[in-house]
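Thank you all for making the time this morning. I would like to walk through one structure with you, going slowly and keeping to what can be read from the atoms.

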Amino acid sequence: MRSLIVGSAVVIAVLGLGAPASAEGALDPLVGSAAERVALSDQVAAAKWGTDSPIEDPEREQQVLDGVAVRAAELGLDPEEAERVFRDQIEASKLVQRGLHAHWRAHPDEQPTERPDLGEIRPELDRLGETILLQLRDTDELRDGPSCDGRLVSAYVHTARDLTVLHQAGLGRAIPSICS
């Protein structure tokens, strides 16, 4: 049923039908922040490239999710819902990292020449995490409403047009839990 709703939302978004103008684009900032987080995955992939650092890091992922749950509760959000959203964010990052690593293995001439420090990337991830939590709080009522799927698809279409195919896939993986 949800795929039917999302499929209909794509048609509505493409045709420009649907939400009243007052709420049009209400999810764009949230989806934009998710896209920024997906883009930051490039630096994470480069930091891990050619090292023993695995793309999968369950311990670090759990630390992030635990922190999200605490902060979500402080903001009056459902911690479980926030964790679902951030689990999708983490999976999206891993999707992009895997894609880049595969590309670099196939195209050695395009491998990163510099390795960013993960310790310098994490504060930016934390900043985006806080932004996403605040945006979740600010869109809580809208995300629970019946028009959320259509608005989410519209926000995706607006945001994804400037992304590479890999980053579009990452963004698509990052956002399914936004609508309650």
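Let me begin with a tryptophan, Trp 49, which is buried, with a relative accessible area of 15%. Please keep in mind throughout that what you are looking at is a predicted model, and that the values I quote are computed from it.

Trp 49 has a partner, and when the whole structure is searched for aromatic pairs, one is found. In that pair the ring centres of Trp 49 and Trp 104 lie 5.4 Å apart and the planes stand at 75 degrees to each other, so the arrangement is edge-to-face, the cut-off for that class being over 60 degrees. The two residues come from distant parts of the chain, 55 residues apart: Trp 49 sits in the loop between helix H2 (28-48) and helix H3 (58-74), while Trp 104 belongs to helix H4, residues 79-106. Trp 104 is also counted as buried, at a relative accessibility of 8%.

Staying with helix H4, I would point you to Gln 89, which lies in that helix. Is this glutamine side buried or exposed? Gln 89 has a relative accessible area of 3%, and it therefore counts as buried, the limit being under 20%. If we set aside its neighbours within four places in sequence, Gln 89 is in contact with Ala 34, Arg 37, Ile 132 and Ala 174.

Some of those names come back when we turn to the packing of H2 against helix H5, residues 118-138, where the axes are 10 Å apart and the angle is about 165 degrees. That angle makes H2 roughly antiparallel to H5, since anything over 145 degrees is placed in that class. The crossing of these two helices, H2 and H5, is left-handed.

On the H2 side the residues that meet H5 include Ala 34, Arg 37, Leu 40 and Val 44, and on the H5 side those that meet H2 include Leu 125, Leu 128, Ile 132 and Gln 135. Sorted by class, the contact between H2 and H5 has twelve nonpolar, four polar and five charged residues.

Finally, stepping back to the protein chain as a whole, its secondary structure comes to eight helices and zero strands. Of its 180 residues, 39% are buried. Among contacts with a separation of 6 or more, 84% are between residues 24 or more positions apart, and the pairing of Trp 49 with Trp 104, at 55 residues, is a link between distant parts of the chain.

Note on methods. Residues are numbered from 1 along each chain as its sequence is written. This is a predicted model: local features need pLDDT of at least 70, side-chain atom pairs count only at pLDDT 80 or more; totals for chains, interfaces and linings use all residues. Side-chain values use heavy atoms; hydrogens and water are left out. Rings of Phe, Tyr and Trp (its six-membered ring) pair if their centres lie within 6.5 Å; planes under 30 degrees apart count as stacked, over 60 as edge-to-face and the rest as tilted. Helices (H or I, at least four residues) and strands (E, at least two) are DSSP runs, numbered from the N terminus. Buried means under 20% relative accessible area, exposed over 50%, partly exposed in between (1.4 Å probe, protein chains only). Contact means heavy atoms within 4.5 Å. Axes are lines fitted to C-alpha atoms, for helices over the stretch in contact, and angles run from 0 to 180 degrees between N-to-C directions. Angles under 35 degrees count as roughly parallel, over 145 as roughly antiparallel, 65 to 115 as roughly perpendicular and the rest as oblique. A crossing is left-handed if the near helix is turned anticlockwise from the far one by less than a right angle, and right-handed if clockwise. Ala, Val, Leu, Ile, Met, Phe, Trp, Tyr, Cys and Pro count as nonpolar, Asp, Glu, Lys and Arg as charged, and the others, Gly among them, as polar.
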